[in-house]
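Dear colleague,

I am handing over the structure below, together with some notes on what was found in it. Please read the notes with the model open beside them.

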Amino acid sequence: MAASRDASNPLAGLKDIQAAGSRLPPVHLWNPPFCGDIDMRIARDGTWYYMNSPIGRKPLYTLFSSVLRKDGEKYFLVTPVEKCGISVEDAPFTAIRMEVTGEGRSQEITFETNCDDVVTVNAEHPLRFADEEGTGGLKPYVLVRANLEALVVRSLFYDLVACGVEEDGWFGVWSSGTFFPMKRASEIGLME
């Protein structure tokens, strides 16, 4: 099948992946040749662009997201026969919905991304909080899969903070039995 592909179309393998019906192909197992960078980017707000035009069809950018891979600091769309570089302004996904079940240490926090991934925060899918340049604030991220994170949208961050507790001098949240610290409690005025 690969021999009959038109090498001038670096995304030709996507149709085969979609036809296979698998939500997440094994991109980590594929090592095709690098075909160069394409004019595709994911903006900070999670909008996908091709040649500076937004990709408005969710099934299309969701398909692209299923073959997204991060190697080092670079992002690629990978099929069994080609690998194309794309640019990502912040994180490749945005967490747009959040559900909290349970309480205390048994609380579970689940996010849904703009590309329909559903992730429960746990040791394999941790939350991390990065300093936001120029504001002194924090930006929360959740690991979706294999080096690919989702930026938690600001409105959900407020909901996340509402679930927070102080633990051993840190303010943070519990999910799936793991504590995810945001900031030292003393830095936000919770302790002297």
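A good place to begin is Ile42, which stands opposite Trp48 in S2. The two strands concerned are S1, residues 34-42, and S2, residues 48-50, and they run antiparallel, joined by three bridges. Please keep in mind throughout that this is a predicted model.

Strands S1 and S2 belong to an open sheet of six strands, whose order is S3-S2-S1-S6-S5-S4 and whose pairing is mixed. At its edges are S3 (53-54) and S4, each of which pairs on one side only. As general background, strands of a sheet pair through backbone hydrogen bonds, either parallel or antiparallel.

At the S4 edge, S4 pairs with strand S5 (residues 74-78) in the antiparallel sense, over four bridges, and within this pair Lys70 stands opposite Tyr75 in S5. S4 and S5 form a hairpin with two residues between them, and Gly72 in the turn has a positive phi of about 65°.

Strand S4 (residues 68-71) also matters for the largest pocket, since the largest share of the pocket's lining, four residues, comes from this strand. The pocket has a volume of about 210 Å³ and is lined by 14 residues, of which Pro25, Val27, His28, Arg145 and Ala146 lie nearest its centre. By character, the lining residues divide into seven nonpolar, three polar and four charged.

A second hairpin is formed by S10 and S11, with six residues between them, and here Gly134 in the turn has a positive phi of about 80°. Five bridges join S10 (residues 127-131) to S11 (residues 138-145), and the two strands run antiparallel; in this pair Ala130 stands opposite Lys139 in S11.

Further along the chain there is an open sheet of three strands, in the order S13-S14-S15, with antiparallel pairing. Strand S13 (165-167) and strand S15 (178-184) stand at the edges of this sheet with a single partner strand each, so one side of each is left without a neighbour in the sheet. Neighbouring strands here are turned by 50° against each other on average, direction ignored. S13 is joined to S14 (residues 170-175) by three bridges, the two running antiparallel, and Glu167 stands opposite Trp170 in S14.

One residue may be worth following by itself: which residues does Met98 contact, once its neighbours within four places in sequence are left aside? Met98 has its place in strand S7 (residues 93-101), and, with those neighbours left aside, Met98 is in contact with Ile109, Thr110, Phe111, Leu156, Asp159 and Leu160. Met98 and Thr120, which are 22 residues apart in sequence, are 9.5 Å apart in space, C-alpha to C-alpha.

Finally, a word on confidence. The mean pLDDT of the protein is 88, and 86% of its residues reach 70 or more. Over residues 1-7, however, pLDDT stays under 50, and for this stretch the model has six contacts beyond four places in sequence. Where pLDDT is low, the predicted coordinates should not be read in detail.

With best regards

How values were computed: Residues numbered from 1 in each chain as written. Predicted model: local features only at pLDDT ≥ 70, side-chain atom pairs only at ≥ 80, totals over all residues. Heavy atoms only, no water. Pairing = 2+ DSSP bridges. Axes fitted to C-alpha atoms, helices over the stretch in contact; angles between N-to-C directions. 1 Å grid on protein atoms, 1.4 Å probe; cavity = no way out; pocket = protein on both sides within 12 Å on 5 of 7 lines; lining within 4 Å. Points joined across faces, edges and corners; volume = space filled by probe spheres on them. Nonpolar A, V, L, I, M, F, W, Y, C, P; charged D, E, K, R; others polar. pLDDT = per-residue confidence, 0-100. Contact = heavy atoms within 4.5 Å.
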